[in-house]
Structures are given as C-alpha cells and as structure tokens.
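Let us work through a protein structure together, in the form of a conversation between a learner and a teacher. Each turn takes up one feature and how to read it.

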Amino acid sequence: VSTQSTWGFQFQLAMSQKEEFKIGNRYNSYAIKDTVDEAFIHIMEHKGIHQEMSSVYIKLLIGFIMIAFPAYSFYYRDHYPSNYKSIVVCTVGYIIFSGIYSLYEWLVEKNMFFRSYLDDLHKKTLVLRSAMEEYQSIYNLTVEEIVLGAAKEPMKIPIEIGQIFDSEGVLNLASLKEIYEQSIKKARKGKDGAKKDNAATTQEKSEGKGKKKDKQYCWSHLTTQSIHILLSLIHI
C-alpha cells in the first residue's frame, strides 16, 4: 500500500490515465527526453511500482520559495525607486534559491527522474536516470538497484529514438516496454554469466594450485627415498 500524500496520489492518477505520449518537435532532444521519462513513469506505475515523491516535494518547496521573492517584489506597496532595497533583497534571494535548485538537481538527483522503494522496509530501492545529448537520437537510460544503501552495478540501456516514436511524434509504449524488459533480462543474464565465469576461473586456479602441490610432494618424496637408498648402500 502506497503512503503517498494527496499530491503524490493525484500525480500518479494523472500519469496512469495518460495513454498517449506525443512530442511536437521531433528534433528537440529536451522534449524527447522529458516525454520518454514520463512514459517510463507510466510503465512503472502500471507494473505496480509507485514513485517515491520526496524529491519532487523538495524541489516544489525550493521553487515556491524562489518564486515568492519576485511575487513579493511585484506586490510591494511602494514603487521604484522607493522600493529599491526590497528589489535588491528579492533579486538576491531569487538568485540564491535558483542556485540551490540547480545544485540539488546536479549533485543530488544526478539526472534521476524516478525512485521507488521495492519493499515496505525501504531496504531495496529502484532508481531510474536518463540523459540525452543535444541533436542526438539516442536516449540513455540507467537503471540502479540499491540494497541496504549499497548500490549494485548500474545497467545502462541505450534506446534509439526511431524505435519508439512514429512519424507523427507519438511514442509507442509497447515498444518502449519491450526494449526495457529485454535489456534488463539481457543485462542480468550477462552478470550471471560473468559470475559463473569468475567462479569457474577461481576453481581452475585452485585445482591448478592443488596439482602443483601434488607434483612438489611427489618430487620431495622421491628425493627422500633416493637419499635413504644411498645411505643404506654406503652403510653396507
């Protein structure tokens, strides 16, 4: 059961009811990235993975404070130049909180657009990040699974825009979901295969060390026996 507040519930409800994602300009990489991000949120909601909204609320709070400064300056009772000091304070305040907002996106979120707890105890977290360079046709998705604060190796999924958008700029949700699921399966199989290869290599090394020790023991034993035989002949 999700413990989201009313705002979070309304946001999730709006996303779940949205069935078509369309862009007006197919050459606008920022619009494409935002549209695909929303589509992935939609897919996760349909899979029963609900978005954790604390990051959204923090940005809303910073944005509200940021907008409050110019709003106060606009509705201030005096006019310029008598309101000179208030304009300076509001401008400086707006710049400061605008910088805080940008730093939060850059240092904390790091291109994150979706985060969800996969269990009730908040021990396992799913994080989705995205990036798309300007004038490029590749949408880069990064999937991270964090267990007890320790992040596993992220899975990177490059998606060709032409595979998920038609000629009218409408996103094909079924194609996007299929690409995501197949890429996740492939990445996990690759990791399992790598683990098996590492285990086999370790076993081969241990077996090689064992054989080497056996050879050394045999040579040592033969040398000891030869010395005993020689001493016996000398004694005779």
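## Reading the model step by step

Of the 236 residues of the protein, 28% count as buried. The model is a predicted one.

Q: Where should I begin, and how many helices and strands are there in the protein?
A: A careful start is to count the elements and then to read their order along the chain. The protein has six helices and five strands, and from the N terminus on the elements run α-α-α-α-β-β-β-β-β-α-α. Among the helices are H2, at residues 29-46, and H6, at residues 173-235.

Q: What does the surface of the protein expose, and what share of it do carbon and sulfur atoms supply?
A: About 16800 Å² of the protein is exposed, and carbon and sulfur atoms supply 59% of that area.

Q: How do I read the pairing of strands, and how many bridges join S2 to S3?
A: For each pair of strands, look at the number of bridges and at the sense in which the strands run. S2 and S3 run antiparallel and are joined by eight bridges; one example is Leu 126, whose bridge partner in S3 is Glu 145. S3 and S5 are also antiparallel, paired over six bridges, and here Leu 141 has Ile 157 in S5 as its bridge partner. Finally, two bridges join S3 to S4, which run antiparallel, with Val 147 and Ala 150 in S4 as bridge partners.

Q: Which of these strands form hairpins, and what is found in the turns?
A: S2 and S3 form a hairpin with six residues between them, and Tyr 135 in the turn has a positive phi of about 65 degrees. S3 and S4 form a hairpin with two residues between the strands, where Leu 148 takes a positive phi near 55 degrees.

Q: Why is a positive phi worth pointing out?
A: The general idea is that most residues other than glycine have a negative phi. In this model, Asn 111 has a positive phi near 70 degrees; Asn 111 is found in the loop between H4 and S1. His 122 has a positive phi near 60 degrees, and His 122 is found in the loop between S1 and S2.

Q: Are those two loop residues, Asn 111 and His 122, buried or exposed?
A: Neither word fits, since there is a class in between. Asn 111 counts as partly exposed because its relative accessibility is 48%, a value between the 20% and 50% cut-offs. His 122, with a relative accessible area of 46%, is partly exposed as well.

Q: How do I recognise a nonpolar core, and which residues of the largest one touch the most other members?
A: The general idea is that in soluble globular proteins, nonpolar side chains tend to be buried together. Here the largest nonpolar core has 30 residues, and those that touch the most other members are Val 36, Phe 40, Leu 141, Val 143, Ile 164, Leu 171 and Leu 176. At least two residues of this core come from each of H2, S1, S2, S3, S5, H5 and H6, and the largest share, seven residues, comes from H2.

Q: What does Phe 40 touch?
A: Leaving out residues up to four places away in sequence, Phe 40 touches Phe 113, Tyr 139, Leu 141, Ile 159, Leu 176 and Tyr 180.

Q: How does one read a single residue such as Thr 142, and where is its place?
A: Ask for its element, its accessibility and its contacts, in that order. Thr 142 is in strand S3, residues 138-147, and it counts as buried because its relative accessibility is 14%, which is under the 20% cut-off. Apart from neighbours within four places in sequence, Thr 142 is in contact with Val 127, Leu 128, Arg 129, Pro 154, Met 155 and Lys 156.

Q: Where does Lys 152 lie, and what does it touch?
A: Lys 152 lies in the loop between strand S4 and strand S5, and it is partly exposed, with a relative accessible area of 44%. Not counting residues up to four places away in sequence, Lys 152 touches Glu 145 and Val 147.

Q: Which residues make the nonpolar surface patch?
A: Tyr 84, Val 88, Val 92, Ile 96 and Ile 100 make a nonpolar surface patch of about 430 Å². Tyr 84 is in helix H4, residues 84-109, and is partly exposed, with a relative accessible area of 49%.

Note on methods. Residues numbered from 1 in each chain as written. Predicted model: local features only at pLDDT ≥ 70, side-chain atom pairs only at ≥ 80, totals over all residues. Heavy atoms only, no water. Helix = DSSP H or I, 4+ residues; strand = E, 2+ residues; numbered from the N terminus. Buried < 20%, exposed > 50% of the residue type's maximum accessible area, 1.4 Å probe, protein only. Contact = heavy atoms within 4.5 Å. Core = buried A, V, L, I, M, F, W, Y, C linked by side-chain atoms within 4.5 Å. Patch = residues over 30% accessible without salt bridge, like charges linked within 9 Å, V, L, I, M, F, W, Y side chains within 5 Å. Areas by Shrake-Rupley, 256 points an atom, 1.4 Å probe, with all protein chains shown as cover. Salt bridge = Lys/Arg side-chain N within 4 Å of Asp/Glu carboxyl O. Pairing = 2+ DSSP bridges.
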